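Open the model in your viewer and keep the selection panel at hand. The stops below go from one residue outwards to a sheet, a ligand shell, a strand and finally the whole chain.

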Amino acid sequence: MTSIFHRSPGASLPTAIGGQGVWLEASNGRRYLDASGGAAVSALGHGHPRVIEAIREQASKMAFAHTAFFTNEPSEQLAEFLANRAPINAPRVMFCSGGSEATEAALKLARAYHVARGEPSRSVFISRNQSYHGATIGALSVSGNPGRRAPYLDILAPCRFIDPCYAYRHQYADETPEAYGRRAADKLEAEILAAGPENVAAFIAEPVVGATLGAVTAAPGYFQRISEICRTYGVLFIADEVMCGMGRTGSLFAVEQENVRPDIITMAKGLGGGYQPIGAVLASGEVYDAIVSGPGYFEHGHTYIGHATACAAALAVQRTIEEESLLEHILELHPVLVDLLHQALGPTGMIGEIRGRGLLIGVELVRDTATKTPFPPEMKLAAAIKKAAMAQDLIVYPNSGCVDGRSGDHILIAPPYIAERSDLEQVASRLARAISTVLAEVA
Ligand code: PMP
């Protein structure tokens, strides 16, 4: 009996008691291969001595000092580290405790920027269908995930949505990837014109869609065109790198691979790699300068902004990724993992697409690969695979993309950057066994 109000009341979940490298240990005596870090959180795996030491050292010196009164060394150093590497002009960094808080801050920054510049009519946000940017009311308002929105529709703020850039589902057979990228991006222009450009504050999108579409990468040129449209109409571009950032796709920021410079970038999960709850928002110097030369300050804040121990942990995670050349390792592992998954899962005959970048890989499952027909949502296939994978002592992240009938179930695979080939072989073979078990049950 437990008093915890967890997200799946009634489900009986194992109690995690230990973690080492790619493995998580539970009180039921089992060791789970953590192939998704929950949802792409774990960058260095579990029990990393350097990060643990950084936390111990900072906590024993000074765990926390409120940012209304002080700044602190780890937050200053982490801000410097990120600002020196971010694909954003003259960046300023604000910390928070996770992804949803980062989205909230990004939306408010965009709004504050326009008000400071004398354009208070700009209050409309444009996002994409089948997206997820967080669970708080503001962040959920700009999330195009029907299932997560449904219980709260009446209290969400208005937002406009365009289709995601999702070639597997939306590219015409006779269309080049470039032409599709252009067509998909032009939907933003149409939406801005429909809303009235003078009313639009910002467009928010994940450079690689993690949470709801299973590692969907944009078509070539898509984000360049998006960026051009945003500039034309004075709309800010917010890149949500909460899941795909911090090295996950093989570059520190995923948007680096799109050759664009957003106005605002959000990040979280891989920033602290799970060692401490931490997120961040980077805003361009232009956004920052407008706000400070307008009202003079940004009316926003949380108690744990710039938490010293959290920043010390994140700094240790980021320095380790850089000093141990883990981005190169991720780029080497990418084709290995994709090949292993094709070999292991191909024989199920249900693999619509295996896609992604770096160590953010999605597997879309379909009933018929020729017609791309998804499994019916009521089958809850992805959830069944998550359960079957746990029975194989494997952690992968499920997503029932079928909610709106437009895409299939996905499995997200996002192992820690320190994974080796032998770990990935285990991921592929265990996942194949899990999928086969589920398919045999529903056949
Ligand atoms: N944005 C994206 C892209 C995410 O994947 C998530 C979490 N899955 C969030 C925002 C929200 O982050 P958090 O759960 O840390 O609040």
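A residue is called buried here if 20 or more other C-beta atoms lie within 10 Å of its own, exposed if 12 or fewer do, and partly exposed in between, with the C-beta atoms placed from the backbone. This is a predicted model, in which local features need pLDDT of at least 70 and side-chain atom pairs count only at pLDDT 80 or more, while totals for chains, interfaces and linings use all residues. Residues are numbered from 1 along each chain as its sequence is written.

**First stop: Pro-164**

Select Pro-164, which lies in the loop between β6 and α7 (167–170); helices (H or I, at least four residues) and strands (E, at least two) are DSSP runs, numbered from the N terminus. Is this proline buried or exposed? Pro-164 is buried, because 25 other C-beta atoms lie within 10 Å. Now add its contacts, where two residues are in contact if their C-beta atoms, placed from the backbone, lie within 7 Å. Leaving aside neighbours within four places in sequence, Pro-164 touches Arg-128, Asn-129, Gln-130, Ser-131, Val-209, Leu-213 and Val-216. Of these, Gln-130 is 34 residues from Pro-164 in sequence, with 7.3 Å between the two C-alpha atoms.

**Second stop: the seven-stranded sheet**

Step back to the open sheet of seven strands, whose order is β4-β12-β11-β10-β7-β5-β6 with mixed pairing; two strands pair if DSSP finds at least two bridges between them. Strands β4 (92–96) and β6 (160–162) stand at the edges with a single partner strand each, so one side of each has no neighbour in the sheet. Neighbouring strands of this sheet are turned by 20° against each other on average, direction ignored. Here axes are lines fitted to C-alpha atoms, for helices over the stretch in contact, and angles run from 0 to 180 degrees between N-to-C directions. At the β6 edge, β5 (residues 124–128) pairs with β6 in the parallel sense over three bridges, and Ile-126 has Arg-160 of β6 as its bridge partner. Helix α9 (residues 222–233) packs on the sheet, touching β7 (200–205) and β10 (236–241), and its direction makes about 145° with that of β10.

**Third stop: the ligand shell**

Select the ligand and the 16 residues that surround it, of which the closest are Gly-98, Gly-99, Ser-100, Ala-211 and Val-242; a residue counts as near a molecule if its C-beta atom, placed from the backbone, lies within 6 Å of it. Which helix gives the most to this shell? Helix α4 (residues 99–116) does, with three residues.

**Fourth stop: strand β17**

Move to β17 (residues 409–413), where five of the five residues are buried, so this strand is largely enclosed by the rest of the structure. Asp-409, Ile-411 and Ile-413 lie on one side and His-410 and Leu-412 on the other, and both faces are covered. Strand β14 (residues 360–365) pairs with β17 in the antiparallel sense over five bridges, Gly-362 having Leu-412 as its bridge partner. Strand β16 (residues 397–400) also runs antiparallel to β17, joined by four bridges, and there Asn-399 has His-410 as its partner.

**Last stop: the whole chain**

Zoom out to the chain, which has 15 helices and 17 strands. Along its principal axes the C-alpha trace spans about 65 × 60 × 45 Å, and of the 443 residues 53% count as buried.
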